[in-house]
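Ready to practise reading a protein model? Keep the viewer open and try each task before you look at its solution.

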Amino acid sequence: QVPLVESGGGLVQAGDSLRLSCAASGRTFRSLSAAWFRQVPGKEREFVATISWNNGRTSYADSVKGRFTIDRDNNRNLVYLQMNNLKSEDSAVYYCATDSISFRIGDPPDRAADFTSWGHGTQVTVSS
């Protein structure tokens, strides 16, 4: 388990930008793929973006492609989600998560079941 703490959420207007951060504890973080998911009440947790442990590969949900960017700083144990041109449908609690497999070969995972450590989430609300 990797302790994770998200920050950077807030209330913004449609078209604005936000940058979420996720701080990880421990030395294993740099060997794990990381991802962002989001959830609204009454719906299942939804994949947003994922990044490989070595920064080599990223993947995005179609709904955020071209607007969101995931990146990470392994020296500082941080993963980020830059969100531009926000829409009301982006409103949700955003969670970061880390992979269950160290030094995963190939594409980083995008299924919630592949992630074993989760933060408590940060609320993003976009008013239209």
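The exercises below go through a predicted model, one topic at a time.

**Exercise 1. The four-stranded sheet**

Task: Find the open sheet of four strands and work out in which order its strands lie.

Solution:
- Step 1. Going across the sheet, the order is β1-β3-β8-β7, and the pairing is antiparallel.
- Step 2. Next, look at the edges, where β1 (4-7) and β7 (68-73) stand. Each has a single partner strand, so one side of each is left without a neighbour in the sheet.
- Step 3. From one strand to the next, the twist averages 15°.
- Step 4. Now take the pair β3 (residues 18-24) and β8 (residues 78-83): six bridges join these antiparallel strands. Within this pair, Leu20 sits opposite Leu81 of β8.

**Exercise 2. The disulfide**

Task: Search for a disulfide and explain which parts of the chain the pair ties together.

Solution:
- Step 1. Searching the whole structure turns up one disulfide.
- Step 2. The partners are Cys22 and Cys96, with sulfur atoms 1.9 Å apart.
- Step 3. Cys22 belongs to strand β3 and Cys96 to strand β9 (residues 92-102), so the disulfide ties together parts that are 74 residues apart in sequence.
- Step 4. For its handedness, use the angle about the S-S bond: with 50°, the link of Cys22 and Cys96 is right-handed.
- Step 5. Are the two cysteines buried or exposed? Buried means under 20% relative accessible area. Cys22 has 1% relative accessibility and therefore counts as buried. Cys96, at 1%, counts as buried too.

**Exercise 3. Following β4, β5 and β6**

Task: Trace the pairing from β4 to β5, and then from β5 to β6.

Solution:
- Step 1. β4 and β5 are antiparallel partners over five bridges. Here Trp36 is opposite Ala49 in β5.
- Step 2. The hairpin of β4 and β5 has six residues between the strands, and Gly42 takes a positive phi near 85° there.
- Step 3. Move on to β5 and strand β6 (residues 58-60), which pair in the antiparallel sense over three bridges. Ile51 has Thr58 in β6 as its bridge partner.
- Step 4. The hairpin of β5 and β6 also has six residues between the strands. In this hairpin, Asn55 takes a positive phi near 70°.
- Step 5. How enclosed is β5 (residues 46-51)? Five of its six residues are buried, so strand β5 is largely enclosed by the rest of the structure.

**Exercise 4. The partners of β9**

Task: Which strands pair with β9, and over how many bridges? Name one residue pair for each.

Solution:
- Step 1. β4 pairs with β9 in the antiparallel sense over seven bridges. Ala34 has Thr98 in β9 as its bridge partner.
- Step 2. β11 is joined to β9 by three bridges, again antiparallel. Ala92 stands opposite Val124 in β11.
- Step 3. β10 is joined to β9 by three bridges and runs antiparallel to it. The bridge partner of Asp99 is Phe115 in β10.

**Exercise 5. The nonpolar core**

Task: Which residues of the largest nonpolar core touch the most other members, and which element gives the most residues?

Solution:
- Step 1. Start with a general idea: in soluble globular proteins, nonpolar side chains tend to be buried together.
- Step 2. The largest nonpolar core here has 33 residues, and those touching the most other members are Trp36, Val79, Leu81, Met83 and Tyr94.
- Step 3. Two or more residues come from each of β3, β4, β5, β7, β8, β9 and β11 (122-127). β4 gives the most, with five residues.
- Step 4. Zoom in on Val79. Leaving aside neighbours within four places in sequence, its contacts include Leu20, Cys22, Trp36, Ile51, Ile70 and Cys96.

**Exercise 6. A serine in a loop**

Task: Describe the surroundings of Ser31, which lies in the loop between β3 and β4 (32-39).

Solution:
- Step 1. At 6% relative accessibility, Ser31 counts as buried.
- Step 2. Its side chain reaches the backbone oxygen of Thr28 at 2.7 Å.
- Step 3. Beyond neighbours within four places in sequence, Ser31 is in contact with Trp53, Ile101, Ser102 and Phe103.
- Step 4. Follow Phe103 to the loop between β9 and β10 (115-118). Phe103 has a positive phi, near 50°, although it is a residue other than glycine.

Key:
Residues numbered from 1 in each chain as written. Predicted model: local features only at pLDDT ≥ 70, side-chain atom pairs only at ≥ 80, totals over all residues. Heavy atoms only, no water. Pairing = 2+ DSSP bridges. Axes fitted to C-alpha atoms, helices over the stretch in contact; angles between N-to-C directions. Disulfide = S-S within 2.5 Å. Buried < 20%, exposed > 50% of the residue type's maximum accessible area, 1.4 Å probe, protein only. Polar contact = N/O pair within 3.5 Å; in protein donor to acceptor, adjacent residues only side chain to side chain. Contact = heavy atoms within 4.5 Å. Core = buried A, V, L, I, M, F, W, Y, C linked by side-chain atoms within 4.5 Å.
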